[in-house]
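The following note is offered as a reviewer's reading of one structure. Please keep the sequence and the three-dimensional view open while going through the numbered points.

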Amino acid sequence: MAEVAFRQLRKQYPPRRGSAAVEVLKGIDLEVRDGEFLVLVGPSGCGKSTLLRLLAGLEAPSQGQVVVAGRDVSALPPSRRDVAMVFQSYALYPHLSVADNIAFGLRRSGHRRLQQQLQDWLARTTGWLRSPREQRIADRVQQVAEMLDLAHLLDRLPKELSGGQKQRVALGRAIARQPAVFLMDEPLSNLDAKLRGDTRRQIVQLQRQLGVTTLYVTHDQVEAMTMGHRIAVLNAGRLQQLGTPIELYEQPANLFVAQFIGSPPMNLLPVEVLSADQVLLAGKRVAADPSLAGLLQGHLGQQLTLGLRPERLRLAPATNRNLPAEVVQLEALGHEQLLSCRLLDADHTVQLRTAAEVSVQPGDQCHLEIEAAGWNLFDAAGDALRPTSGDAAVASPDLPSLPA
Ligand code: ADP
């Protein structure tokens, strides 16, 4: 087990025919704790896989360091880094059985004399003369196969397996080696929705059970929010925010994170600060989140962006405080509905959730109440404004410690 650190890590790919050099990672500083499950999320092309590949040793950094368990591994080959990677494509050897795929990394590690290799091969193919080393490998394969419900499939070839089973074999191969760090690059994206849910829970359970430091790349919201102890959000080669799922959801560091985390995303609305307890929103005076009084006082008369999660808005009676709106779209999800409503006096569309039984149709006029809590304010540069310790503060929560 090990902690992992990226220090001022940069990666530039050289120019190719007709295109300039691209800097894919622009100075990443990130520490992953021993035993932590860290999810890396961000839009396609933001550099997530490159970061994993740099850690695995499949790419070399242009600048900066990759540190595993306090040791700078930046210049070491993949085989000496003690990390195991699971790919989206499974990357199984088609001509090897499930057992041999799982055992692959175990057989490869360590130096063996030719005579020993021959003996191992004979033992495998004929079943006789099993060496103590082969016996240990067979025991480990059996143990891992049982953990992943693959014990009845050990003699099959990859082409005789379902997608979910192939993915479990790929996981098994990584687990069998008992590496210091697991790297997983969108391992569930080839699975259908039901299997993805099951495998997601299985990976989380395994990670907690084995306690191996894990970096997991995904672009899937649900995976990001449910799997990791913490999430690192990347955009355009830069780390945007590192925090627990709830921190990112409730206190995004900037507009990018506010829009990227959460589905549907945070509603963003222009407001003018009228006083410490009121803002002007879509032509109405709206009571502000009291915890932001000090902060609003410091921005009197300024235009800011208010970020509100969908659950902070609700359908409400027509009063002179509530905002008149029109329902433009309705998505019935069974247990609830997602409404898109256009604010009549602001030409802004917001999204909110209602109970499944609320009867509304596109085109209906309605009124929206805005909860005076859970507000996020952003400045013109898109950075979150947080109360300072002197304000009526919502202190940023301490990071929870990892489970033992
Ligand atoms: P992500 O995993 O976030 O989708 P990647 O790390 O795979 O993103 O890629 C980041 C960027 O680097 C992309 O624009 C991609 O086209 C570019 N890139 C990746 N590998 C290479 C390469 N070998 N040569 C040139 N550009 C590359």
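1. A residue inside a helix. The model is predicted, and this note begins with Ala258. Its relative accessibility is 0%, so Ala258 counts as buried, the cut-off being under 20%. Ala258 belongs to helix 9, which covers residues 255–260. Leaving out residues up to four places away in sequence, Ala258 touches Pro252, Pro265, Met266, Arg309 and Phe378. A further pair to locate in the view is Ala258 and Gly382: the two are 124 residues apart in sequence, and their C-alpha atoms are 9.9 Å apart in space.

2. The chain as a whole. The protein chain contains 10 helices and 21 strands. Taken along the principal axes, its C-alpha atoms fill a box of roughly 90 × 50 × 50 Å. The chain has 404 residues, and 46% of them count as buried. Its accessible surface comes to about 19,500 Å², with 50% of that belonging to carbon and sulfur atoms. Among contacts between residues at least 6 apart in sequence, 67% join residues at least 24 apart.

3. The surroundings of the ligand. Which residues are around the ligand? They are Tyr13, Arg16, Val24, Pro43, Ser44, Gly45, Cys46, Gly47, Lys48, Ser49 and Thr50. Sorted by class, this shell has four nonpolar, five polar and two charged residues. The largest share of the shell comes from helix 1 (residues 48–56), which supplies three residues.

4. Polar contacts of the ligand. Two side chains and one backbone position deserve inspection here. A ligand nitrogen atom is 3.2 Å from an N or O atom in the side chain of Arg16. In the side chain of Tyr13, an N or O atom is 3.4 Å from a nitrogen atom of the ligand. For Gly45 the partner is a polar backbone atom, 2.7 Å from an oxygen atom of the ligand. The ligand taken alone exposes 570 Å², and the protein buries 62% of that area.

5. Helix 1. How many of the nine residues of helix 1 are buried? Seven are, and the helix is mostly covered. The buried residues are Lys48, Thr50, Leu51, Leu52, Leu54, Leu55 and Ala56. Two of these names, Lys48 and Thr50, also appear among the residues around the ligand. Just after helix 1 comes Gly57, with a positive phi of about 90 degrees.

6. Helix 5. Helix 5 runs over residues 163–176, and its length can be checked by a short calculation. Its 14 residues, at 1.5 Å a residue, should span 20 Å; the end C-alpha atoms are 20 Å apart, so the expected and modelled values agree. Of these 14 residues 12 are buried, and helix 5 is therefore largely enclosed by the rest of the structure. Among the buried residues are Gln165, Arg168, Val169, Leu171, Arg173 and Ile175. Gln178 follows helix 5 and has a positive phi, near 50 degrees.

7. The loop between strand 6 and helix 2. Strand 6 covers 83–87 and helix 2 covers 98–108; Ser97 lies in the loop between them. Is Ser97 buried or exposed? Its relative accessibility is 14%, so Ser97 counts as buried. Apart from its neighbours within four places in sequence, Ser97 is in contact with Leu154, Asp155, Arg156 and Leu157. Tyr90 is found in this loop between strand 6 and helix 2 as well. Tyr90 is not a glycine, yet its phi is positive, near 70 degrees. With a relative accessibility of 10%, Tyr90 also counts as buried.

8. Ala69. Another residue with a positive phi is Ala69, at about 50 degrees, although Ala69 is not a glycine. Ala69 is placed in the loop between strand 4 (63–68) and strand 5 (71–72). Its relative accessible area is 45%; Ala69 is therefore partly exposed, since that class lies between 20% and 50%.

9. A cis peptide bond. The bond joining Ser263 and Pro264 is a cis peptide bond, with omega about 0 degrees. Pro264 is located in the loop between helix 9 and strand 11 (267–275). The reader is thus returned to helix 9, the helix in which Ala258 is found.

Definitions and conventions:
Residues are numbered from 1 along each chain as its sequence is written. This is a predicted model: local features need pLDDT of at least 70, side-chain atom pairs count only at pLDDT 80 or more; totals for chains, interfaces and linings use all residues. Side-chain values use heavy atoms; hydrogens and water are left out. A residue is near a molecule or strand if one of its heavy atoms lies within 4 Å of it. A polar contact is a pair of N or O atoms within 3.5 Å; within protein, one must be able to donate a hydrogen and the other to accept it, and residues adjacent in sequence count only if both atoms are side-chain atoms. Accessible areas come from the Shrake-Rupley method with a 1.4 Å probe; for residues, only the protein chains shown count as cover. Helices (H or I, at least four residues) and strands (E, at least two) are DSSP runs, numbered from the N terminus. Ala, Val, Leu, Ile, Met, Phe, Trp, Tyr, Cys and Pro count as nonpolar, Asp, Glu, Lys and Arg as charged, and the others, Gly among them, as polar. Buried means under 20% relative accessible area, exposed over 50%, partly exposed in between (1.4 Å probe, protein chains only). Contact means heavy atoms within 4.5 Å. The expected span of a helix is 1.5 Å times one less than its number of residues.
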